[in-house]
Amino acid sequence: MTPYHVTIIGSALSGNKGAAAMLESAVQTLGERLGEVDFTLLSMYPTEDAAQNPYPNLEVVPASPRQLGVTINLLALTYRLLPPVRPLIRRRSRAIGALARSSVLLDQGGITFTDGREKFLLYNVASILPALNTRTPVFKCAQAVGPFRNPVNRWASKTFLPKVRTLVTRGRITHEFAEGLGLRNLVAGADYAFSLELDGTEAAAVADHVDLDFFAQGDVVGISPSVVLQKKVDAKGGDYAGQLVDFIEWVRSTGRRVVLVPHSVRTGTDKTHNNDLPLCRSIADRLTAGDDLLVLDREMTSQQLRYLIGRCDLFVASRFHAMVSSLAMEVPTLVIGWSHKYAEVLEMFELEEWAFGHDKFSPTYLQERFEALVAQQPEVRDRLARHLPEVKARSVQQADLIADIVRGSDSTSPRA
């Protein structure tokens, strides 16, 4: 029997390990439900993703922003308008060929069609338009959208979001934004990365590069900086890296140990897009050396990072999916964010009070909130344990919905 086929866009194996967690969650959960299923990843970083691809049923196809926005979209429009040339396009274009034989396109962009991110709006549209032109159903995996007050974003959202088969909202705030826009193709869910399961090999793999005795004595605080937040803080005259240095040294002065966790890493480049490693190295260079400080200075898999985060006793996150991993591992977490996407996830655990915006970021305020988190650890841990099963169930529900779409379509032949 010809296997089912699913195409994915908006995630990756390299770079942002939150994107990797979403991608690997889809591969894991859909494989469990559908059996033999092939995947195509339309990749922004095809060389890096192919080098890190452990899945024999996952094909990596180049789809840089330029390729996606121009070549792939033009071919998809031609495919729609000129039926006689469809067989030729399917043969010549791996991207269009994959979409044409896929039962569904999974859009795993973490935050799309959002005011203040208009520079990404063309990419948000370009990611789903080829599937619309090849008549491939679009399933937007759990993500943040809205608000929609900006006229350009509102127009684009009202034009394209109703055309997708399903939009899974990642929390209450996003859901209310989407309902306010008049969308009816909504499912209230939770981030797909909550479905990611560890396979038990993580400790051995990590031990090749990290001394796990660092965690043996407890009182370990994990800190995950974000270059995205750095740009926002520094643009307003702040010093994100310097303020984190001050905070880390204060944490160490309390007798705790600190592990610096870059959750978005691109190996072999100093470019900062989807790459927190240069920032973490800069912070580490300004810290006093000592055996109470551990800096993760290499790219690891999403499962390995989740395992290490789970070894922490407390966590301070600026990267969204570092927060997701700490919550999934039931680690009390303090969040410094820049969007409603952080608070609406914490709200599922009744922990939204532990997030604050970058406008409040300062070493003093961070210390105050951290001390409050330390004091309320038992209550926070209780809420994490109580709500996590429900959040994971809402996350994995996506796999059931996607599997229903796949089973209900004829994926053995392309749409003519």
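Begin the tour by selecting Arg-135, which is exposed at a relative accessible area of 57%, where exposed means over 50%, buried under 20% and partly exposed in between, calculated with a 1.4 Å probe and protein chains only. The model is a predicted one, in which local features need pLDDT of at least 70 and side-chain atom pairs count only at pLDDT 80 or more, while totals for chains, interfaces and linings use all residues. Residues are numbered from 1 along each chain as its sequence is written, and side-chain values use heavy atoms, with hydrogens and water left out.

**Backbone features**

Staying on Arg-135, look at the loop between α6 and β6, where helices (H or I, at least four residues) and strands (E, at least two) are DSSP runs numbered from the N terminus. The phi of Arg-135 is near 60°, a positive value in a residue other than glycine. Most residues other than glycine have a negative phi, and most peptide bonds are trans. Move next to Gly-146 and Pro-147, which are joined by a cis peptide bond with omega about 0°; Pro-147 belongs to the loop between β6 (138–143) and α7 (151–160). Then select Asn-274, in the loop between β11 (264–265) and α12 (277–285), where phi is again positive, near 55°.

**The pockets**

Asn-274 also leads to the largest pocket, whose volume is about 1,200 Å³. Of the 49 residues in its lining, those closest to the centre are Ile-111, Arg-117, Phe-120, His-273 and Asn-274. A pocket here is an open set of points on a 1 Å grid over the protein atoms alone, where a 1.4 Å probe fits and protein lies on both sides within 12 Å along at least five of seven lines, and lining residues have an atom within 4 Å of a point. Grid points are joined across faces, edges and corners, and the volume is the space filled by probe spheres set on the points.

To display the walls, colour the elements that each supply at least two lining residues, among them α1 (17–34), β3 (37–43), α6 (121–133), α14 (320–328) and α15 (340–347). The lining of this largest pocket divides into 17 nonpolar, 23 polar and 9 charged residues, with Ala, Val, Leu, Ile, Met, Phe, Trp, Tyr, Cys and Pro counted as nonpolar, Asp, Glu, Lys and Arg as charged, and the others, Gly among them, as polar.

For the second largest pocket, which holds about 270 Å³ of space, select Met-300, Thr-301, Ser-302, Gln-303 and Gln-304, the residues nearest its centre among the 19 that line it. Two or more lining residues come from each of α1, α9 (202–207) and α13 (302–310). This second lining is made up of 6 nonpolar, 7 polar and 6 charged residues.

**The nonpolar cores**

Turn now to Leu-106, Phe-194 and Met-323, the residues with the most contacts inside the largest nonpolar core, which has 102 residues. Such a core is a set of buried Ala, Val, Leu, Ile, Met, Phe, Trp, Tyr and Cys residues joined through side-chain atoms within 4.5 Å. Helix α17 (residues 377–407) gives the largest share of this core, 9 residues. Around Leu-106, leaving out residues up to four places away in sequence, the contacts include Val-6, Ile-8, Leu-30, Phe-139 and Ile-402, a contact being heavy atoms within 4.5 Å.

A second, separate core of 32 residues includes Leu-99, Ala-126, Ala-156 and Phe-160. Leu-99 is one of the buried residues of α5, a helix (residues 94–101) that is largely enclosed by the rest of the structure because 6 of its 8 residues are buried.

**Aromatic pairs and a buried serine**

The whole structure contains 9 aromatic pairs, where rings of Phe, Tyr and Trp (its six-membered ring) pair if their centres lie within 6.5 Å, and planes under 30 degrees apart count as stacked, over 60 as edge-to-face and the rest as tilted. Trp-155 and Phe-160 form an edge-to-face pair, with ring centres 6.3 Å apart and planes at 90°; Trp-155 is exposed at 55% relative accessibility, whereas Phe-160 is buried at 13%.

Phe-320 and Tyr-342 are also edge-to-face, at 5.8 Å and 65°, and this pair links helix α14 to helix α15 across 22 residues. Phe-320 is buried at 4%, and Tyr-342 is buried at 3%.

From Tyr-342, finish at Ser-318, whose contacts include Tyr-342, Ser-224, Tyr-240 and Ile-336. Ser-318 sits in the loop between β13 (314–317) and α14, and is buried, with a relative accessible area of 1%.
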